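The following note is offered to a colleague who has the structure at hand. The points are numbered so that each can be checked in turn.

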Amino acid sequence: MLAELAAAAALICLDPGHGTAPEIGRELEPIGPGSARLKVKDPGGAAGEAPVALAIARRTRALLLAQGYRVAMTRDGIGYRGGNRERAQFCNERGAALMVRIHADGSSDPGVHGVSTLVPALRRGWTNDIHTASRRAGAIVQNELVAATAARDLGVVERADLTGFNWADVPAVLVEAGFMSNRREAGLLRSAAYQQKVAGALARAAQRFLIR
Ligand SMILES: [Zn+2]
């Protein structure tokens, strides 16, 4: 009961990938606090990825709100005026119980398909505070994602190079909900039915993560 009450008050931060204003997206930002390594704020993502990510985020938000959670979204349209550092800080400042970054994948090989969940690799001073919880969340998210979509399971993948993870001070995962470069999966990703399956998986995963 207490766990459920605590979970009900929790805030989930949803971060639909890309959709950045072009002049901002070109700018550089350090990949982590104090890092000399710079990456662009938004390389643009796979063709058609930004609207798919936003659609899934909006559906996830509706489900989470209906479950009694609080939800914040880094963007709710196009023309976002920040980088991945700002996206992480947005979730940090709100004390999110979980940051869910929503993306779709792209490959030069049109035959590649499937879903994966990225989590922060362990780096002292950057992610040691969120590594264990993020890994636990990532395993739950991937499990729910595969169950809901029946897509090929590409697993949970640790990443050390993602700015949005390295600046996060709250548990964070990044869902690659399928490949925009695969004709069949791109069609699914653009469909309301598949978007709703992914959203359902994300909402259930957040609940499982919070009520342990
Ligand atoms: Zn992306």
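1. Arg58 has a relative accessibility of 38% and therefore counts as partly exposed. The model is a predicted one, and the remarks below should be read accordingly. The side chain of Arg58 meets that of Asp76 in a salt bridge, with an N to O distance of 2.7 Å. Arg58 belongs to helix α3 and Asp76 to the loop between β4 (70–73) and α4 (84–93), so this pair ties together parts that are 18 residues apart in sequence. Asp76 is likewise partly exposed, its relative accessible area being 41%.

2. The structure holds 12 salt bridges. In one of them, Glu93 pairs with Arg94, and the closest N and O atoms are 3.9 Å apart. Which of these two partners is exposed, and which partly exposed? Glu93 counts as exposed because its relative accessibility is 64%, whereas Arg94, with a relative accessible area of 37%, is partly exposed.

3. A further salt bridge joins Glu158 and Arg135, whose closest N and O atoms are 2.7 Å apart. Glu158 lies in strand β7 and Arg135 in helix α5, so the pair ties together parts that are 23 residues apart in sequence. Both residues are partly exposed: Glu158 has a relative accessible area of 34%, and Arg135 has a relative accessibility of 43%. Elsewhere, Asp15, Arg87 and Arg101 are joined into one network by salt bridges that share partners.

4. His131 also lies in helix α5. At 13% relative accessibility, His131 counts as buried, the cut-off for that class being under 20%. Leaving aside residues up to four places away in sequence, His131 touches Pro120, Ala121, Leu122 and Glu158. Glu158 is thus a contact of His131 and a salt-bridge partner of Arg135.

5. The metal site deserves separate inspection. Which residues coordinate the zinc ion? The donors are His18 through NE2, Glu49 through OE and His103 through ND1, at 2.0 to 2.1 Å. Along the chain these donors follow the spacing H-x30-E-x53-H. Glu49 lies in helix α3 (residues 49–66) and His103 in strand β5 (residues 98–105), so this pair ties together parts that are 54 residues apart in sequence. Glu49 and His103 are both buried.

6. His18 is found in the loop between β1 (11–16) and α2 (22–25), and its relative accessibility of 10% places it among the buried residues. The backbone of His18 has a phi near 65 degrees, a positive value in a residue other than glycine. Most residues other than glycine have a negative phi. Ala150 also has a positive phi, near 60 degrees. Ala150 is located in the loop between α5 (131–149) and β7 (153–159) and is exposed, with a relative accessible area of 68%.

7. Helix α8 (residues 192–210) has 19 residues, which at 1.5 Å a residue should span 27 Å; the end C-alpha atoms are 27 Å apart, in agreement with that value. The buried residues of α8 include Tyr194, Val198, Leu202, Phe209 and Leu210.

8. At the surface, Leu28, Leu38 and Val40 make a nonpolar patch of about 250 Å². Within this patch, Leu38 is placed in strand β3 (residues 38–40) and counts as partly exposed, at 45% relative accessibility.

Note on methods. Residues are numbered from 1 along each chain as its sequence is written. This is a predicted model: local features need pLDDT of at least 70, side-chain atom pairs count only at pLDDT 80 or more; totals for chains, interfaces and linings use all residues. Side-chain values use heavy atoms; hydrogens and water are left out. Patches are made of residues with over 30% relative accessible area and no salt bridge: like charges are joined within 9 Å, nonpolar side chains (Val, Leu, Ile, Met, Phe, Trp, Tyr) within 5 Å. Accessible areas come from the Shrake-Rupley method with a 1.4 Å probe; for residues, only the protein chains shown count as cover. A salt bridge is a side-chain nitrogen of Lys or Arg within 4 Å of a carboxyl oxygen of Asp or Glu. Helices (H or I, at least four residues) and strands (E, at least two) are DSSP runs, numbered from the N terminus. Buried means under 20% relative accessible area, exposed over 50%, partly exposed in between (1.4 Å probe, protein chains only). Donors are N, O and S atoms within 2.8 Å of the metal (3.2 Å for Na, K and Ca); water is not among the atoms, so sites may look incomplete. Contact means heavy atoms within 4.5 Å. The expected span of a helix is 1.5 Å times one less than its number of residues.
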